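Ready for a few warm-up exercises on a protein model? Have the sequence and the 3D view open, try each task yourself, then read the solution.

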Amino acid sequence: MFSLSWSLTGHQLSISTQGGFSSNLGFGTVLLCLLWNVGTISARFVSVSLFISTYGCWIVPVAILHWGVMTIAILHRQHLHEEESIRVYALHMIMASINLVQLVSVTPYQTHLSSTLFYTLSFMENCLFTGAWAWTVIEIIPEINLFPIFGLSIFVVIAFSVALFSRQLYFWIVHRPTIE
């Protein structure tokens, strides 16, 4: 998870410098971006793992549904026209499959609507995955100790919340408008 988070951090920082937002990013901004990626990916990993441990193959239709929504969102965001090539559509479908885990953009200009949609959907999915797992475990084993169940549920919410807070700080520092 850390390697994936670090590589996504490098990609996001590269996109930020290409967009002309900042050419010299300090240690703090790199750390915020890394914390953002670690939080979202670890919350996603834990919630999906818990869901798979209980529901197994049901992850496939859920992933297909998420992929479909992300593909539509990316195609809508790019305002593709009928004359676009199949390669462009294929690239956006591949990007949607990457977005099953983390929102990744190939351009420095990310709209607030698309990122809000993605993080809202991801947070809801993480909570539903974790909640479905907790409900099933409590129903199957009524005498189970609830501390690990609540601990993992709270971890998912806190990790995602810290990630979003780090993301907001990162964008506030790197992408704040300049006053001339």
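**Exercise 1. Walk along the chain and write down its elements in order.**

Solution. Start at the N terminus, and the elements run α-α-α-α-α-α. Tally them up, and you get six helices and zero strands. Keep in mind as you go that this is a predicted model.

Next, look at how the chain is packed. Of its 180 residues, 37% count as buried. Then take the contacts between residues at least 6 apart in sequence: 75% of them join residues at least 24 apart. Finally, turn to the outside, where the chain exposes about 10900 Å², with carbon and sulfur atoms supplying 73% of that area.

**Exercise 2. Follow helix H2 from end to end and compare its span with the expected one.**

Solution. Find residues 27–55, which make up H2. The helix has 29 residues, and from its first C-alpha to its last it reaches 41 Å. At 1.5 Å a residue you'd expect 42 Å, so the two values are close.

Now step just past the end of H2. There sits Gly56, with a positive phi of about 55°.

Go back into H2 and pick out Thr29. Is Thr29 buried or exposed? Its relative accessible area is 8%, and the cut-off for buried is under 20%, so Thr29 is buried. Now look across to Ile173: 144 residues separate it from Thr29 in sequence, yet their C-alpha atoms are 7.5 Å apart in space.

**Exercise 3. Find the salt bridge and say which parts of the chain it ties together.**

Solution. First, the count: there is one salt bridge. The side chains that meet in it belong to Arg44 and Glu125, at 2.5 Å from N to O. Arg44 sits in helix H2 and Glu125 in helix H5 (residues 112–140), so the pair ties together parts that are 81 residues apart in sequence.

Second, check the backbone. The C-alpha atoms of Glu125 and Arg44 are separated by 8.7 Å.

Third, ask how covered the pair is. Both Arg44 and Glu125 are buried, and for Glu125 the relative accessible area is 11%. Leaving out residues up to four places away in sequence, Glu125 touches Arg44 and His66.

**Exercise 4. Work out which residues Thr130 and Ser166 touch.**

Solution. Begin with Thr130, which has its place in helix H5. At a relative accessible area of 3%, Thr130 is buried. Skip residues up to four places away in sequence, and its contacts are Ser47, Leu50, Ser153 and Val156.

Move on to Ser166 in helix H6. Ser166 is buried too, at 2% relative accessibility. Under that same rule of skipping sequence neighbors up to four places away, Ser166 touches Leu32, Leu35 and Trp36.

**Exercise 5. Locate the nonpolar surface patch and find the helix that gives the most to it.**

Solution. Highlight Leu35, Ile138, Leu146, Phe150, Ile154, Ile158 and Val162. Together they make a nonpolar surface patch of about 580 Å². Helix H6 (residues 146–174) gives the most, with five residues.

Now look at two members one by one. Leu35 belongs to helix H2 and is partly exposed, with a relative accessible area of 41%. Phe150 is found in helix H6 and counts as partly exposed, at 46% relative accessibility. From Phe150, you can also look back to Thr130: the two are 20 residues apart along the chain, and their C-alpha atoms are separated by 9.7 Å.

**Exercise 6. Count the disulfides, then check how exposed Cys57 and Cys127 are.**

Solution. Here's the idea to start from: a disulfide is a covalent bond between the sulfur atoms of two cysteines. How many disulfides does the structure hold? The count is zero.

Then take the two cysteines in turn. Cys57 has a relative accessible area of 67%, and the cut-off for exposed is over 50%, so Cys57 is exposed. Cys127 comes in at 28%, which makes it partly exposed.

How values were computed: Residues numbered from 1 in each chain as written. Predicted model: local features only at pLDDT ≥ 70, side-chain atom pairs only at ≥ 80, totals over all residues. Heavy atoms only, no water. Patch = residues over 30% accessible without salt bridge, like charges linked within 9 Å, V, L, I, M, F, W, Y side chains within 5 Å. Areas by Shrake-Rupley, 256 points an atom, 1.4 Å probe, with all protein chains shown as cover. Salt bridge = Lys/Arg side-chain N within 4 Å of Asp/Glu carboxyl O. Helix = DSSP H or I, 4+ residues; strand = E, 2+ residues; numbered from the N terminus. Buried < 20%, exposed > 50% of the residue type's maximum accessible area, 1.4 Å probe, protein only. Disulfide = S-S within 2.5 Å. Contact = heavy atoms within 4.5 Å.
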